[in-house]
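Student: Got a minute to go through this model with me? I'd like the layout and then the side-chain contacts.

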Amino acid sequence: MISEILAISAAWSRAVIEFAGGLHPWAREATHLGTDLFLVVFAVLFVAAWWRARSIDARLVGLALFAPIATVVAYGVSRTVKSFFEQLRPCQAMTDLATIATCDPLGDWSFPSNHSAIAGAAAAAVVIAWRSAAPIAVVFAVLEAFSRVLVGAHYPHDVTVGLLLGAAVATAVSLAMARPLTALVEKAAEHEHLRPLVRSASAGTPHGPNASTGPRAHADA
């Protein structure tokens with residue numbers, strides 16, 4: 001079963017790389033740049049999620065601020081998993097094909113895709129802090145994963161597992177840290193110099209132990 005999946009994945013990868021080889025030079029260059037630039041979108045989403053959360057509640061602020069850390073944790077897990085699988089990259093195994101990306105040296109293995117794990121983790125972390133951003137986050141995570149296949153750096157199964165692994169790890173660590181993060185943000189809000197980082201002026205002044213959590217009814221807006 002696994003060998004059949006790998007065979008299908010390799011066939012799809014070959015078809016995609018051959019398609020990419022027929023693209024106009026400017027499209028190939030744009031694809032090469034996009035495989036890294038897509039990740040910049042998540043940095044923008046991190047900032048947007050944090051800025052929005054400041055006017056909602058402490059829990060969402062904590063989750064938004066933790067999103068980059070959750071992504072780094074997922075990346076670390078992906079790198080660890082990768083060390084157990086010595087799978088050649090498509091550009092290393094299919095030497096008869098010209099790939100858009102410069103092929104990495106032997107020892108830089110293919111499974112799972114670290115770029116995809118980062119994208120999956122970032123998307124999940126953003127969605128946890130800002131649910132209505134899900135369409136944007138998911139679309140760019142999928143685009144990032146597909147771009148890694150298009151440039152010849154990964155097989156479809158590499159990026160699929162990378163996305164799922166990254167999303168699972170980021171979700172788990174974010175939810176596990178939600179309570180202490182909320183307490184930390186509430187504590188920071190008590191200090192004059194830190195308050196602007198965790199609460200917008202429109203959020204008002206907290207009254208009572210639970211007031212700092214703000215209008216939870218708007219959390220998914």
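Student: To start, how many helices and how many strands does the chain have?

Tutor: The model is predicted. Its secondary structure comes to eight helices and zero strands. Read along the sequence, the pattern is α-α-α-α-α-α-α-α.

Student: What does the C-alpha trace span along its principal axes?

Tutor: About 70 × 35 × 30 Å. The chain has 221 residues, and buried ones make up 45% of them.

Student: How do helix 3 and helix 7 pack?

Tutor: Helix 7 covers residues 156-188. Its axis and that of helix 3 are 7 Å apart, at an angle of about 145°.

Student: Is that crossing left-handed or right-handed?

Tutor: The crossing of helix 3 and helix 7 is right-handed. The residues of this contact divide into 18 nonpolar, five polar and two charged.

Student: Changing topic. How many salt bridges are there?

Tutor: The structure holds five. One of them pairs R14 with D96, with the closest N and O atoms 2.9 Å apart. That pair links distant parts of the chain, 82 residues apart. R14 sits in helix 1 (residues 2-21), and D96 is in the loop between helix 4 (90-93) and helix 5 (114-129).

Student: Are R14 and D96 buried or exposed?

Tutor: R14 counts as partly exposed because its relative accessibility is 29%. D96 has 55%, so D96 counts as exposed.

Student: Which residues are linked with R14 in a network of salt bridges?

Tutor: E18 and D96 are linked with R14 in that network.

Student: And R89, which salt bridge does it form with D108?

Tutor: One in which the closest N and O atoms of R89 and D108 are 3.0 Å apart. R89 is in the loop between helix 3 and helix 4, D108 is in the loop between helix 4 and helix 5, and the two are 19 residues apart. R89 also meets the side chain of D104 in a salt bridge, at 3.3 Å from N to O.

Student: Why does the D104 pair tie together separate parts of the sequence?

Tutor: Because D104 lies in the loop between helix 4 and helix 5, whereas R89 lies in the loop between helix 3 (58-82) and helix 4. The parts tied together are 15 residues apart in sequence.

Student: Which of R89, D104 and D108 is buried, and why?

Tutor: R89 is buried, because its relative accessible area is 5% and the cut-off for buried is under 20%. D104, with 27%, is partly exposed. D108 also counts as partly exposed, at 29% relative accessibility.

Student: What about Q87, where is it?

Tutor: Q87 is in the loop between helix 3 and helix 4. It counts as buried because its relative accessibility is 18%, and buried means under 20%. From Q87 to D108 the C-alpha to C-alpha distance is 8.9 Å, with their positions 21 residues apart in sequence.

Student: Now pockets. What is the volume of the largest one?

Tutor: The largest pocket has a volume of about 220 Å³. It is lined by 16 residues, and the closest to its centre are R89, D104, H115, R148 and A153. Both partners of the D104 and R89 salt bridge are therefore among the residues closest to the centre of that pocket.

Student: Which element gives the most to the lining?

Tutor: Helix 2, with three residues. The elements that give two or more are helix 2 (25-53) and helix 5.

Student: How does the lining divide by class?

Tutor: The lining of the largest pocket has four nonpolar, six polar and six charged residues.

Student: Back to helix 2 for a second. Is H32 buried, exposed or partly exposed?

Tutor: H32, which is found in helix 2, counts as partly exposed because its relative accessibility is 31%. H32 and G62 are 30 residues apart in sequence and 34 Å apart in space, C-alpha to C-alpha.

Student: Last one. Where is the cis peptide bond?

Tutor: It joins F111 and P112, with omega at about -10°. P112 is in the loop between helix 4 and helix 5. Most peptide bonds are trans.

Methods. Residues numbered from 1 in each chain as written. Predicted model: local features only at pLDDT ≥ 70, side-chain atom pairs only at ≥ 80, totals over all residues. Heavy atoms only, no water. Salt bridge = Lys/Arg side-chain N within 4 Å of Asp/Glu carboxyl O. Helix = DSSP H or I, 4+ residues; strand = E, 2+ residues; numbered from the N terminus. Buried < 20%, exposed > 50% of the residue type's maximum accessible area, 1.4 Å probe, protein only. Axes fitted to C-alpha atoms, helices over the stretch in contact; angles between N-to-C directions. Left-handed = near helix turned anticlockwise from the far one by under 90°. Nonpolar A, V, L, I, M, F, W, Y, C, P; charged D, E, K, R; others polar. 1 Å grid on protein atoms, 1.4 Å probe; cavity = no way out; pocket = protein on both sides within 12 Å on 5 of 7 lines; lining within 4 Å. Points joined across faces, edges and corners; volume = space filled by probe spheres on them.
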